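Welcome to this guided tour. Open your viewer, switch to a cartoon view, and follow along one stop at a time.

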Amino acid sequence: MTDLRTFYPPIEPYETGMLDVGDGHEIYYERCGTRGAKPVVFIHGGPGGGCSPDHRRLFDPEAYDIMLFDQRGCGRSTPHAELEANTTWHLVEDIERLRTMAGAEKWQVFGGSWGSTLALAYAETHPDRVSELVLRGIYLLTQAEMDWYYRYGVSEMFPERWEALVGPLSPEEREDVLASYHQRLTEGAMEERLEAAKRWSGWEGNTIRLLPDKQAADAFEEDRFALAFARIETHYFVNRGWMEEGQLLRDIGTLHGIPAVIVHGRYDMPCHARTAWELHKAWPGSELHIVEGAGHAYDEPGILDRLIRATDQFAGS
């Protein structure tokens with residue numbers, strides 16, 4: 001364990017701001033590290049999660065000019081938990097706006113979980129703007145992946161957590177848990193929406209790690225976080241990310257020649273390892289690391305080690 005790489009020391013941003021991206025949305029962004037160094041954009045998960053101070057620490061601050069941002073409707077972006085004008089393709093163009101603002105011709109794109117989905121959508125739309133990709137916890141937003149996590153699969157591994165999620169639902173509602181929660185999160189009184197949000201977010205918070213972490217799991221049920229996370233995530237998933245089934249894998253050829261490192265935990269519950277394997281097989285030249293003894297969270301020791309090694313690998317390129 002002593003040989004595993006871990007976070008760089010804590011750093012503060014050298015610049016923060018709110019970028020008006022239209023449609024009534026303003027997104028929070030921050031820049032860290034060394035102005036004018038190798039540019040990288042960090043894409044957080046969820047959808048609806050937000051970025052945190054530890055995300056800054058995945059990169060050598062002397063080698064990188066690091067852009068972090070909260071996607072529409074979550075974190076410090078406004079309006080909070082807003083679903084209007086909030087789709088995958090809005091976010092893809094927000095990333096382009098940030099790149100232009102940063103003055104980067106190309107940049108490294110780093111994304112985990114939903115962040116890997118959005119990173120691929122961005123890169124396949126703007127391949128000439130991507131120098132490398134570092135992807136963790138691969139999620140391609142296919143029906144099979146959603147069924148695994150919201151119908152049958154992870155429910156067998158975490159039966160008590162599954163019961164907490166579906167407990168309030170009628171037998172009819174349990175036929176489509178995702179659609180039922182989306183309805184509860186977009187209709188009715190705020191108190192009812194918040195209760196649904198905390199149950200939805202709690203399911204994820206309690207299933208993402210190989211070893212339980214109560215403090216990390218409880219953070220998913222904090223009111224403000226849970227409301228944005230649950231509303232935005234169900235909004236994206238019932239709409240299948242506004243993509244055709246299998247689109248990201250189908251179009252992977254557009255990324256030919258772009259260096260890529262894929263990191264995935266062997267026991268990742270939200271995003272099963274088969275998806276990472278299929279992406280790697282379809283993407284000649286990609287580098288895949290399946291981490292034994294790890295779940296989904298980016299800061300589990302083996303996963304964090306591989307992510308830091310990947311950003312270091314590309315730091316001088």
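How many helices and strands does the chain have? There are twelve helices and eight strands. Keep in mind that this is a predicted model.

**Stop 1: the whole chain**

Zoom out until everything fits on your screen. Along its principal axes, the C-alpha trace spans about 55 × 45 × 35 Å. The radius of gyration is 18 Å, close to the 20 Å that the globule rule gives for 317 residues, so the chain is as compact as a globular protein of that length.

Now turn on the surface. About 13200 Å² of the chain is accessible, and carbon and sulfur atoms own 51% of that area. Of the 317 residues, 56% count as buried. Among contacts with a separation of 6 or more, 73% come from residues 24 or more positions apart.

If you like, color by charge: the chain has 31 positive and 52 negative charges, and the mean positions of these two groups are 2 Å apart.

**Stop 2: strand 5 and its neighbors**

Select residues 107-112, which form strand 5. Is this strand mostly covered or mostly open? It is mostly covered, with six of its six residues buried.

Next, add residues 38-43, which are strand 3. Strands 3 and 5 run parallel and are joined by four bridges. Then add strand 6, residues 130-136, which runs parallel to strand 5 and is joined to it by five bridges.

Which residue of strand 5 is the bridge partner of Ile43? Click on Gly111 to find that partner. Gly111 also has a bridge partner in strand 6, namely Leu135.

**Stop 3: two cis peptide bonds**

Select Gly46 and Pro47. The peptide bond from Gly46 to Pro47 is cis, with omega near 0°. Pro47 lies in the loop between strand 3 and strand 4 (64-69).

Move on to Thr78 and Pro79, where the peptide bond is again cis, with omega near -5°. Look for Pro79 in the loop between strand 4 and helix 1 (88-102).

**Stop 4: two positive phi angles**

Select Ser113, in the loop between strand 5 and helix 2 (114-125). Its phi is positive, about 65°, although Ser113 is not a glycine. Is Ser113 buried or exposed? Ser113 has a relative accessible area of 9%, so it counts as buried.

Finish at Leu141, in the loop between strand 6 and helix 3 (143-150). Leu141 is not a glycine either, and its phi is positive, near 60°. With 4% relative accessibility, Leu141 counts as buried.

Key:
Residues numbered from 1 in each chain as written. Predicted model: local features only at pLDDT ≥ 70, side-chain atom pairs only at ≥ 80, totals over all residues. Heavy atoms only, no water. Rg over C-alpha atoms; globule rule 2.2 N^0.38 Å. Buried < 20%, exposed > 50% of the residue type's maximum accessible area, 1.4 Å probe, protein only. Contact = heavy atoms within 4.5 Å. Areas by Shrake-Rupley, 256 points an atom, 1.4 Å probe, with all protein chains shown as cover. Lys, Arg positive; Asp, Glu negative; His and termini not counted. Charge placed at Lys NZ, Arg CZ, Asp CG, Glu CD. Pairing = 2+ DSSP bridges.
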